[in-house]
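Colleague: I should like to learn how to read empty space and helix packing in a model. May we work through one example together?

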Amino acid sequence: MWIKHSFFKYITAAILILILYYFLEKLELLQPVKTITGTLFYPFLIAGFLFYILRPVVHWIAKVVPLPIAILAVYAAIGGILYGAFRLLAGTIQKQVSNISQLPDKLKQTAEEASKKIEENNMGIVSGVSIRQRLTEYFGNLTTKIGEHMTEVFSTIAGATTVLVIVPFVLFFLLKDGHKLIPFLKRALPSKHKPRGEKLLQDLDYMVSSYIVGQVTIAAVDGVLTYIGYVLIGLDYALLLGILVLFTCVIPFVGPVIGAIPAIVIALMQAPSMAIYVIIIFIVVQQLESNLVAPFVFGERLDIHPLTVILLLVVAAPLYGVVGMIVAVPTYSVLKVLAKHIYQFYRLYHPT
């Protein structure tokens with residue numbers, strides 16, 4: 001009789017699913033599924049992020065022209081912006097990339113100078129010769145290490161190129177047919193559950209959209225403000241470092257710190273006092289973000305405690321790396337909405 005109770009039914013179903021998964025894994029019957037999922041994961045992940053960013057623009061343009069034409073118009077606008085940015089910034093980026101390739105030699109020189117200062121002022125407590133020798137060996141082997149991994153680098157570039165070729169096609173159909181997903185899923189529900197099911201899907205869509213658009217907006221603002229600050233203090237490689245901040249700030253909390261570390265290293269090489277200015281810029285930008293930009297962008301839409309975000313990132317980083325840190329918060333938001341609706345559904349049909 002106990003199996004008739006809903007709680008035990010759900011527990012039994014979960015145990016059976018876990019047992020089935022265990023045997024399928026042992027028999028390696030899931031390997032084709034894993035290969036297909038791994039191949040399609042990154043194109044759909046990137047296309048999904050771009051879908052939520054571009055969807056409002058496409059829908060706005062689609063009010064006056066057919067939807068496919070609106071999508072192509074957005075593609076053309078993005079292509080024009082990228083081409084214009086390339087023409088405008090290509091010289092600066094190329095120069096800075098060329099200069100940054102000399103960083104290992106500069107770091108080696110800086111380390112040798114620092115070891116000399118230590119040897120002159122530490123009265124024999126620390127061996128400057130030993131420090132210089134170790135640093136020389138390290139930076140001397142850096143170029144060799146990079147060369148040994150060139151095959152992996154080219155393989156990664158080839159994979160990234162393939163993903164970038166596939167993404168525009170996936171994105172086009174997401175923008176074209178994405179609005180049909182909720183009605184399609186709604187049809188699979190029993191009539192009495194359709195309103196609640198539609199509300200669940202709308203809440204999920206709203207939560208993911210709010211997070212992605214908000215986080216990308218914050219990253220863009222951080223990148224621009226940081227670049228302006230670096231230009232004002234005369235930091236080398238300001239444009240590249242600003243672009244780096246733009247990408248790393250997609251990761252909440254730790255992203256800005258990751259983006260600031262290379263700037264601090266370069267600032268120390270340029271002038272020790274420059275590192276202090278970089279830290280000041282970092283603090284100012286983060287204060288502007290937390291007190292002005294984030295409240296304006298997110299408002300009260302994402303009710304997630306900062307400690308929860310930090311714990312999510314701490315767990316996701318060792319498990320799935322950078323990708324895990326990017327998707328951890330939206331995944332948690334989706335699970336939170338699902339849990340809320342499942343609980344409400346359970347209470348509706350199993351009142352205490």
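**Pockets, a cavity and helix packing**

Modeller: The largest pocket is lined by 38 residues, and those nearest its centre are Leu50, Ile53, Val216, Leu246 and Phe247. The elements that each give two or more residues to this lining are α2 (31–61), α3 (67–100), α6 (150–177), α8 (194–233), α9 (238–248) and α12 (306–349). The model is predicted, with pLDDT of at least 70 required for local features and 80 or more for side-chain atom pairs, while totals for chains, interfaces and linings use all residues. Residues are numbered from 1 along each chain as its sequence is written, and side-chain values use heavy atoms, without hydrogens or water.

Colleague: What is a pocket, and what is a cavity?

Modeller: Rolling a probe the size of a water molecule over the atoms shows where empty space is left. On a 1 Å grid over the protein atoms alone, a cavity is a set of points where a 1.4 Å probe fits but cannot get out, whereas a pocket is an open set with protein on both sides within 12 Å along at least five of seven lines; lining residues have an atom within 4 Å of a point. Grid points are joined across faces, edges and corners, and a volume is the space filled by probe spheres set on the points. Helices are DSSP runs (H or I, at least four residues), as are strands (E, at least two), numbered from the N terminus. Here the largest pocket has a volume of about 1,600 Å³, and α3 supplies the largest share of its lining, 13 residues.

Colleague: How many residues of each class line the largest pocket?

Modeller: Ala, Val, Leu, Ile, Met, Phe, Trp, Tyr, Cys and Pro count as nonpolar, Asp, Glu, Lys and Arg as charged, and the others, Gly among them, as polar. On that basis the lining has 35 nonpolar, three polar and no charged residues.

Colleague: What volume does the second largest pocket have, and which residues are closest to its centre?

Modeller: The second largest pocket holds about 920 Å³ of space. Of its 25 lining residues, Gly48, Tyr52, Val208, Ile212 and Val334 are the closest to the centre. α2 gives the most to this lining, with nine residues. The classes are 18 nonpolar, five polar and two charged.

Colleague: How many cavities of 30 Å³ or more does the structure hold?

Modeller: There is one, with about 80 Å³ of space. Its lining includes Thr226, Tyr230, Val245 and Gly259. The largest share, five residues, comes from α11 (272–298). By class, eight lining residues are nonpolar, three are polar and none is charged.

Colleague: How are two packed helices described?

Modeller: The angle between their axes and the distance between the axes are used. Axes are lines fitted to C-alpha atoms, for helices over the stretch in contact, and angles run from 0 to 180 degrees between N-to-C directions. α8 and α9 pack at about 160 degrees, with axes 8 Å apart. α8 is therefore roughly antiparallel to α9, a class for angles over 145 degrees (under 35 is roughly parallel, 65 to 115 roughly perpendicular and the rest oblique). Among the residues in contact (heavy atoms within 4.5 Å) are Thr226 and Tyr230 of α8 and Val245 of α9.

Colleague: At what angle do the axes of α9 and α10 cross?

Modeller: Those axes cross at roughly 160 degrees and come within 7 Å, so α9 is roughly antiparallel to α10. The contact includes Val245 of α9 and Gly259 of α10. By class, seven of its residues are nonpolar, three polar and none charged.
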